[in-house]
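Reader: I should like to learn how to read the overall form of a protein and its interior. Could you guide me through one case?

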Amino acid sequence: MELTAFGQTDVGQVRPHNEDSILLEPSLQLYAVADGMGGHKGGECASRICLDTLRDYLQMAARGHAPLVGEADTAHSEAANLLGSAVRFANRAVFEAAFSKPEWRGMGTTIVALTVADNRVAIAHVGDSRAYLLRQGVFRQLTEDHSWIEEQVRAGLMSRDEALFAKGRNVLTRAIGQEETVQVDLDELELQTGDTLLLCSDGLFGMVADEEIAALIGVARNPEEACRELVACANGRGGRDNISVILLTAGEGKGLLAGMRRLFTKG
C-alpha cells in the first residue's frame with residue numbers, strides 16, 4: 001500500500017525557541033514526533049538526540065546489529081517490539097547525555113513514533129505527544145497521554161471538560177530521559193486504504209479541538225496542505241507552544257476528503 005507523508009514543525013507565537021523535533025524516514029517507514037523539555041538547549045537537544053538515536057537503532061536493526069533493549073511484550077508483534085526497543089534505547093541515550101553538560105541536566109522529551117510493514121502499523125509512545133487515526137469518517141486518538149491531568153480523568157476525579165482548563169496540563173507522569181529505563185506503550189493496527197494517521201505534539205491539540213483537527217484534515221487535498229493548515233490554525237489560536245505535525249495517508253490519497261464527506265453526511 002502506497003503511503004504519502006508530510007511533516008512540519010513550527011516555533012509557535014510565544015516561545016522563543018523550538019524544542020520539538022520531527023522525523024520522516026521513508027526508507028525505514030519510520031515517522032516520529034518528539035516534544036523536548038528542559039529549556040532551549042536541553043529540550044531541543046533531548047528531542048533531537050531521541051529521534052536521531054531512534055533512527056540509528058532501526059538502521060542497525062535492518063542490518064541485523066541491534067540487540068533488544070528491555071523485555072519483549074508477547075502481546076505484540078516483532079515489529080512493535082523492535083520499535084519499543086528502539087524507544088528504550090533512545091531513552092538511555094538521552095538519560096546519559098543529560099549528565100554530559102550542566103545545561104542539559106534534567107532534560108527530557110516525549111515521543112510518539114510509528115513504523116509500517118506489510119500494511120501493519122506499529123506505534124510506540126511515551127509522554128503526551130499523540131497519534132490519531134481518521135478512518136471512514138471516524139477520527140480517534142490512538143494513544144493515552146502520560147500526564148497528571150489524564151490520570152485524574154481516568155480515575156474519575158476530573159471530567160474531560162474540566163481537564164481542558166485545569167492547571168498542571170504540562171505535568172507528565174512519564175517521559176524520555178528522566179530515568180535510566182522507561183515504560184513504553186505499544187499499539188498496532190492494520191492499515192486500510194484511505195486511512196490517515198496523524199502524529200502531533202501538544203502544541204496542536206492544546207490549541208485546536210479534535211473535531212476541528214479532523215475537519216481540517218478532511219478538506220485538505222493532500223498531507224502537505226493539511227499539515228500547513230493545522231499549524232496555521234494552532235498559531236491563529238495563539239500558538240502558545242511549539243507545534244509539530246506529521247500526516248500519512250494510505251492508498252491514493254483520496255481518503256482525506258472522502259472520509260470527511262462520510263462524517264458530515266452520517267445520521
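Author: The following turns take up the overall form, the interior and one helix pair. Please bear in mind that this is a predicted model.

Reader: What does the secondary structure of the protein come to?

Author: The protein has eight helices and eleven strands. Along its principal axes, the C-alpha trace spans about 55 × 45 × 35 Å.

Reader: How should the radius of gyration of the protein be read?

Author: One sets the value beside that of a compact globule, which for 267 residues would be near 18 Å; the protein has 18 Å, so the two agree. Of the 267 residues, 50% count as buried.

Reader: Which residues have the most contacts inside the largest nonpolar core?

Author: A nonpolar core joins buried residues through side-chain atoms within 4.5 Å. Here the largest one has 30 residues, and L54, L83, V87, I111 and I176 have the most contacts inside it. Strand 3, helix 1, helix 2, strand 5 and strand 6 each give two or more residues to this core. Helix 2 gives the most, with seven residues. Apart from this core lies another, of 22 residues, including L134, I213, V245 and L247.

Reader: At what angle do the axes of helix 6 and helix 7 cross?

Author: The axes of helix 6 (residues 210-219) and helix 7 (residues 223-236) cross at roughly 145° and come within 8 Å. The crossing is right-handed. On helix 6 the contact is made by I213, L216, I217 and V219, and on helix 7 by E225, A226, E229, L230 and C233. Seven of these contact residues are nonpolar, none polar and two charged.

Conventions. Residues numbered from 1 in each chain as written. Predicted model: local features only at pLDDT ≥ 70, side-chain atom pairs only at ≥ 80, totals over all residues. Heavy atoms only, no water. Buried < 20%, exposed > 50% of the residue type's maximum accessible area, 1.4 Å probe, protein only. Helix = DSSP H or I, 4+ residues; strand = E, 2+ residues; numbered from the N terminus. Axes fitted to C-alpha atoms, helices over the stretch in contact; angles between N-to-C directions. Left-handed = near helix turned anticlockwise from the far one by under 90°. Contact = heavy atoms within 4.5 Å. Nonpolar A, V, L, I, M, F, W, Y, C, P; charged D, E, K, R; others polar. Rg over C-alpha atoms; globule rule 2.2 N^0.38 Å.
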